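Here is a short report on one protein chain. Read it with the sequence and the 3D view side by side.

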Amino acid sequence: MTQANDPHALLYNQLDPEEAKALTARLLAPCDDGELYLQFIASESFAFDDGRLKTADYSRDSGFGLRGVSGETTGFAHANEISAGAIARAGEALQLLDATRSPLAAPPERTNRHLYTDASPLDLVPFAEKVALLEKIDAIARARDPRVAQVSASLAASWSAIDIVRPDGFTARDIRPLVRLNVSIVAEQNGRRETGSFGFGGRYLYDRLFDEGQWMRAVDEAVRQALVNLESIEAPAGEKTVLLGPGWCGVLLHEAVGHGLEGDFNRKGTSAFSGRIGERVAASGVTVIDDGSIAERRGSLSIDDEGTPTKETVLIEDGILKGYMQDRLNARLMGVEPTGNGRRESYEHAPMPRMTNTFMRGGSDDPAELLSRVDDGIYATSFGGGQVDIVSGKFVFACTEAYRVEKGKVVAPIKGATLIGDGPTVLTKVRGVGNDMALDEGIGMCGKGGQSVPAGVGQPTLLVDGITVGGTA
C-alpha cells in the first residue's frame, strides 16, 4: 500500500492495524473511556519580507497519544514512535488510574461524511511557484501606492492523517488539509507609519490561494486598511455605543462568550454561564451557534479528535441559553450527549471541549439603519489580538480598523481604540442584529490550556449599547 493509495499506511509502518486494536482493548480494559490516537502530519510555511524570501520550513511528524479515562481522572501518554512496544510502554502510565466500576462508554456514532478533500496541498504546487506567488504579491502591493513602505506575505499549509482506535474495536479516520495566505502592509507618510493586513484560508488546496482574483483581493484589502489607518485620528475614550462589522468581528464573541460555553468550565462551575441553561443570557434576537460541519471551513472537522461526528450545536437561541459544547468526558459526567467538540492540537495532547466555527446568526436589521442609530460612538470593522478571563468573561480587544461615528455618520478613522467589557453583559446590550451574517476569511487560531487549534468565527453587523472604549484622545 503506497501513501498515494492509502495515506493511513503512513501510520502503520511499524504497527499492524489488528495489533493496534488488540493493544488498545487490553491497555484500556480498566477504563470507562479512552482511545489510541494515531497521527501523521506534514506542514510547510513560507515567509516573504522586505523583498526576499526569509523562511521556508517543511516538517513531518508522526506519533500517538494513548488516553484512558476513569471517572473524572484522565491518564495520558504519547510518543513520536508508532510501534507496539511504544504503545505498551505508554500503557504503563495508565496503571495509576483506579479501575472503573462502570461499563465502557458507548462508541461515537459512525459517519462516512467528508467535509474536505483527502489530497495534500503540499505536493500539488512546485516550490518555485509558491515563492513566485509571494514575489508577485510583494511587487503588486508596492506598485499599488507610493506610500507602501513594507510588505510581508506568508503562505502555510498542513496535511494530517489520523486514526482513532477505541477499546471496543470502534475505529474512525480522517484526513485534514489546511491552507492560508497572509499579507501585511506598512504604509508611511510624513514620517508616520501605520499597518494593514488581510488573510484567508480553509480546508482546501492551494489552487484557491493562487487564484489571481483571490490573492489580489488580499493585497488590495491590506493596502486599503494601511492607508485608512494613515488618516486616523486619536480614539475617543469612555462608554460608547459600538457598531461591530460582520465576519471577523465575531472573534469578540468567540473570546467573550465562546470559551464560557465550553463543557469543562460549566461542569466545574467556573463559567459565567454555569447552571444557567434555560435562562435568558442575551438580548432577544441573539442566537449563537457552534458548527464544525460546514464544508471546507478552517474550524470544521468531519469528526472531532475523539471520533464524534461534528454538527450544528445551538448554544444560545433568541437570548436563551440552550446548551454547551461537549467532548466525551464532560458530556458523560454532565449526563448529556457529546457535541463533536473534543479537540486536540496534536497526538501529544489529550482532547478537551473546544469551539469549531462559532458565530451569531443574522437578524432582520439593515446595517445602514443600525449605523444611523449611532449618535456618538465607534464603528469597528477589524480586530487584532484580544484577551479574556474565562471565569468572568472580562475581555480587552484592540481594534485594527475602526471609525468615529457622530449623528449616524462615519466621520473619521481612529487609531488605538480598545474595547473593554465582559461577554455576558455585552450580550444583554445588543440592540440590533444585521441581516448580513458573514463567516470570517479563515485565519483564526484559538488557544486554550496550552493548545492551539484552527477555529472559525462569524457574525452580522451588531449594534451594542455601552461598551467601554479605551481611547488615546
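Helices (H or I, at least four residues) and strands (E, at least two) are DSSP runs, numbered from the N terminus. By that scheme, I277 sits in the loop between α7 (263-267) and β9 (288-291). The model is predicted.

## Loop residues and their distant partners

Start with I277. Its relative accessibility is 46%, so I277 counts as partly exposed. Its C-alpha atom is separated by 5.0 Å from that of L321, and the two residues are 44 apart along the chain. Setting aside residues up to four places away in sequence, I277 touches L321, K322, G323 and Y324.

Next comes G319. It lies in the loop between β10 and β11. G319 is at 0% relative accessibility and therefore counts as buried. Its contacts, not counting residues up to four places away in sequence, are E279, R280, V281, A282, A283 and V286. For one of them, V281, the C-alpha separation from G319 is 5.7 Å. These two residues are 38 apart along the chain.

G299 belongs to the loop between β9 and β10. This glycine is buried, at 0% relative accessibility. G299 touches G292, R343, T356, N357, P454, A455 and G456, again not counting residues up to four places away in sequence. The C-alpha atoms of G299 and G202 are separated by 8.0 Å. Along the chain, G299 and G202 are 97 residues apart.

The table collects the C-alpha pairs.

| Pair | Separation along the chain | C-alpha distance |
|---|---|---|
| I277 and L321 | 44 residues | 5.0 Å |
| G319 and V281 | 38 residues | 5.7 Å |
| G299 and G202 | 97 residues | 8.0 Å |

## Positive phi outside glycine

Two loop residues come up here. N190 is not a glycine, yet its phi is positive, near 50°. It is found in the loop between β5 (171-189) and β6 (192-202). Is N190 buried or exposed? It is exposed, with a relative accessible area of 78%.

D318 is not a glycine either, and its phi is positive at about 50°. D318 is placed in the loop between β10 (312-317) and β11 (320-321). Its relative accessibility is 38%, so D318 counts as partly exposed.

## A buried arginine

R67 is part of strand β2 (residues 52-70). The residue is buried, with a relative accessible area of 2%. Which side chains make polar contacts with the side chain of R67? One is E35, at 2.8 Å. Another is E306, at 2.7 Å. Leaving aside neighbours within four places in sequence, the contacts of R67 include L28, D33, G34, T74, G75 and F76. Also among them are L94, A350 and P351.

## Helices

Two packed helices are described by the angle between their axes and the distance between the axes. The axes of α1 (residues 17-27) and α2 (residues 84-93) come within 10 Å. They cross at roughly 10°. Angles under 35 degrees count as roughly parallel, so α1 is roughly parallel to α2. On the α1 side, the contact is made by E19, L23 and L27. On the α2 side, A84, I87, A88 and G91 take part. By class, the contact has five nonpolar residues, one polar and one charged.

How many residues of helix α6 (residues 250-258) are buried? Nine of its nine residues are, and the helix is mostly covered. Among these buried residues are H254 and E255. G250 and G258 are buried too.

## Annotated domains

UniProt lists three spans in an unreviewed entry. Residues 35-92 carry the annotation "domain: Metalloprotease TldD/E N-terminal". That span is 16% helix and 71% strand, with its end C-alpha atoms 15 Å apart.

Residues 121-230 are annotated by UniProt as "domain: Metalloprotease TldD/E central". Here the chain is 37% helix and 44% strand. The end C-alpha atoms of this span lie 37 Å apart.

Residues 238-471 are covered by the UniProt annotation "domain: Metalloprotease TldD/E C-terminal". This span is 14% helix and 39% strand. Its end C-alpha atoms lie 7 Å apart.

Methods. Residues numbered from 1 in each chain as written. Predicted model: local features only at pLDDT ≥ 70, side-chain atom pairs only at ≥ 80, totals over all residues. Heavy atoms only, no water. Axes fitted to C-alpha atoms, helices over the stretch in contact; angles between N-to-C directions. Parallel < 35°, antiparallel > 145°, perpendicular 65-115°, else oblique. Contact = heavy atoms within 4.5 Å. Nonpolar A, V, L, I, M, F, W, Y, C, P; charged D, E, K, R; others polar. Buried < 20%, exposed > 50% of the residue type's maximum accessible area, 1.4 Å probe, protein only. Polar contact = N/O pair within 3.5 Å; in protein donor to acceptor, adjacent residues only side chain to side chain. UniProt positions renumbered as here; feature names shortened; annotations may be inferred.
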